[in-house]
Every structure is written in C-alpha cells, then in structure tokens.
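The following report looks at a few local features of one protein model and then at the model as a whole. Please read it alongside the sequence and the structure.

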Amino acid sequence: MEEANVEELTQQGIDYLFEVGPSILLAIITLFVGLKVINLLVKFLRKTLEKSSAEESLNSFLTKLVSVLLKVMLVISVVSMLGVDTTSFIAVLGAAGLAVGLALQGSLANFAGGVLILLFKPFKLGEFIEGQGNMGTVERIDILHTVLNTPDNKVVVIPNGQLANSPVTNYSRKETRRVDFPVGISYGSDIKKAREVILRVISADERVLQDPAPMVVLTELADSSLNLSARAWTKVADYWGVFWDNLEKIKEELDKEGIEIPFPQRDVHMFNEK
C-alpha cells in the first residue's frame with residue numbers, strides 16, 4: 001500500500017513538473033534575456049544623454065530610474081508567467097505610489113523642476129544668475145535644488161520647482177553686456193560739452209568695446225537736473241570694473257570742466273505778516 005502511494009506521489013510530481021516545467025524554463029529564459037536587453041537599453045540611453053551634453057547628475061539619475069522601472073516590469077512579467085496573479089500586487093504598488101506622491105508633492109515639483117533645468121539648461125555651473133530675489137554664481141545644480149554663491153560669499157539654496165516656474169535672469173550667457181552710467185547735470189550746463197567729456201572718458205578705457213560705439217543720451221528732464229545716460233559695451237568679466245572706474249573718472253572730469261552735478265534743491269519763501 002505504501003509503495004503504491006509513493007509511486008502515485010512520484011507520478012504526480014513528474015506530471016506537475018512536465019506541466020509547470022516549460023513555464024519555469026520560459027520564465028528563466030525571459031528573465032535572463034530581459035536583463036541583457038535592459039542593460040543594452042540603459043547603455044544606449046546613457047550614451048545618448050552624453051552626446052546631448054546633458055548634465056552628469058541628470059544622466060546618472062535618468063539611467064538609474066529607467067533601469068529600476070524596466071527591471072520591476074520584467075519581474076512582474078516573469079512572476080505572471082509562473083501563474084501567480086499579479087493584479088493585487090500591481091494595485092498595491094499603485095496605491096503606494098499615489099500615497100507617496102501626495103505626501104511628497106513639493107519634492108516631486110522640485111524634482112520635475114530639476115529635470116527641466118538640467119535638460120533645457122537655462123543656466124549652467126559657474127554662470128551668474130538672478131532668481132527668486134537672489135543673485136549669485138551657480139555653484140551646484142542638484143535634482144531638487146540649486147545652490148548659489150552670492151557676491152558677498154553667502155550660500156543660497158533655492159528649490160528647483162520655484163526656479164523652473166519663475167523668471168530667471170542669466171547675466172553670463174552672453175559674452176558682452178551694456179554698461180549704463182547715470183549722470184545728472186544742472187540745467188545751466190552745456191549738454192553737448194558734457195556729452196563730449198563723458199565720451200572722452202569712456203572711450204579712453206581699453207576694456208570698452210568700440211562696436212557698438214559708446215553713446216550718451218538725454219533720458220529725463222528731472223526736477224533738479226538733466227539726467228544723461230552714458231552707454232558702453234564691454235565683456236561680461238569686465239562689467240563691474242568698467243562701471244566703477246569710469247563712473248569715478250566721469251565725476252572728476254566734469255568737475256574739471258566746470259560742469260555742475262546738482263543735488264536736490266528747494267526754494268523757500270518767507271512771508272512777513274506785518
């Protein structure tokens with residue numbers, strides 16, 4: 001009787017093996033081939049991103065994300081080949097993903113902003129920008145935030161979601177910038193003479209470009225002064241040096257030529273009741 005039971009169990013085992021064996025073999029082959037294909041796809045994606053000159057942090061993050069997602073999909077497919085019902089498993093993953101998404105809305109917005117910044121490059125490392133009321137040199141671009149180093153050596157951390165959805169001024173993207181010198185002269189001064197003096201000072205600076213040529217225009221008839229604007233072009237790296245040096249020289253030369261730079265004045269009239 002025991003021998004019959006053993007033979008019956010053995011036969012059942014053999015039958016079950018023949019029944020599920022092909023599925024197990026197919027699942028193993030699928031897993032092996034799938035991993036090879038995923039590795040090839042990830043390598044192709046990495047090379048494509050490198051050719052597009054994308055940031056290294058973005059390359060690393062995207063390749064890892066794609067690799068994990070493809071491997072999760074592969075595992076689910078292999079498990080389903082073995083006859084396991086994956087519907088409930090997928091539902092649990094979806095619910096968990098929704099809960100995590102709701103809990104991390106701000107972080108996900110910053111993540112999306114970081115991807116957009118690294119992909120479209122409105123600014124790069126080392127460039128001087130202004131955004132969210134802060135100005136500074138871009139020191140680091142992470143996937144969630146951007147780090148600025150301000151001119152007075154402060155470190156400002158700005159969430160990428162805010163930078164990606166608001167205006168950002170990039171002062172370093174172009175090779176040249178226009179320098180504006182605001183100059184006020186009295187109403188009794190000669191505008192043409194003042195223009196000649198200012199142009200002489202600016203043109204003497206070798207850092208000032210001659211194309212476009214420097215110019216001086218009258219911009220406002222103010223309460224106490226005639227406001228002139230001297231405009232010159234220079235390289236970005238020379239901007240502040242040109243501005244500070246020439247603004248001081250303009251003041252000195254105007255004083256030498258007797259051209260008055262006025263200050264606000266008020267006429268006071270005194271009345272005697274007697």
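## A buried serine and its surroundings

Serine 186 is placed in the loop that runs between β6 (176–185) and α6 (191–203), where helices (H or I, at least four residues) and strands (E, at least two) are DSSP runs numbered from the N terminus. This is a predicted model, in which local features need pLDDT of at least 70 and side-chain atom pairs count only at pLDDT 80 or more, while totals for chains, interfaces and linings use all residues. Residues are numbered from 1 along each chain as its sequence is written, and side-chain values use heavy atoms, with hydrogens and water left out.

With a relative accessibility of 10%, serine 186 counts as buried; buried means under 20% relative accessible area, exposed over 50%, and partly exposed in between (1.4 Å probe, protein chains only). Apart from neighbours within four places in sequence, serine 186 is in contact (heavy atoms within 4.5 Å) with Leu226, Glu260 and Pro262.

## Backbone features in loops

Two residues other than glycine have a positive phi, as the table shows for lysine 121 and asparagine 153.

| Residue | Phi | Loop | Relative accessibility |
|---|---|---|---|
| Lysine 121 | near 55° | between α4 (105–120) and β1 (128–131) | 15%, buried |
| Asparagine 153 | near 65° | between β3 (145–149) and β4 (155–159) | 63%, exposed |

A further backbone feature is the cis peptide bond that joins aspartate 211 and proline 212, with omega at about 0°. Proline 212 belongs to the loop between β7 (208–209) and β8 (215–221).

## A charged surface patch

Which residues gather in a patch of positive charge on the surface? They are Lys36, Lys43, Arg46, Lys47 and Lys51. Patches are made of residues with over 30% relative accessible area and no salt bridge (a side-chain nitrogen of Lys or Arg within 4 Å of a carboxyl oxygen of Asp or Glu), and like charges are joined within 9 Å. Lys and Arg count as positive, and the place of a charge is taken as NZ of Lys or CZ of Arg. Of this group, lysine 51 is found in helix α1 (residues 2–51) and is exposed, at a relative accessible area of 73%.

## The protein as a whole

The protein has 7 helices and 9 strands, and buried residues make up 27% of its 274 residues. Among contacts with a separation of 6 or more, 63% are between residues 24 or more positions apart. The accessible surface, from the Shrake-Rupley method with a 1.4 Å probe, comes to about 18600 Å², of which 61% belongs to carbon and sulfur atoms.

Notes: Patches are made of residues with over 30% relative accessible area and no salt bridge: like charges are joined within 9 Å, nonpolar side chains (Val, Leu, Ile, Met, Phe, Trp, Tyr) within 5 Å.
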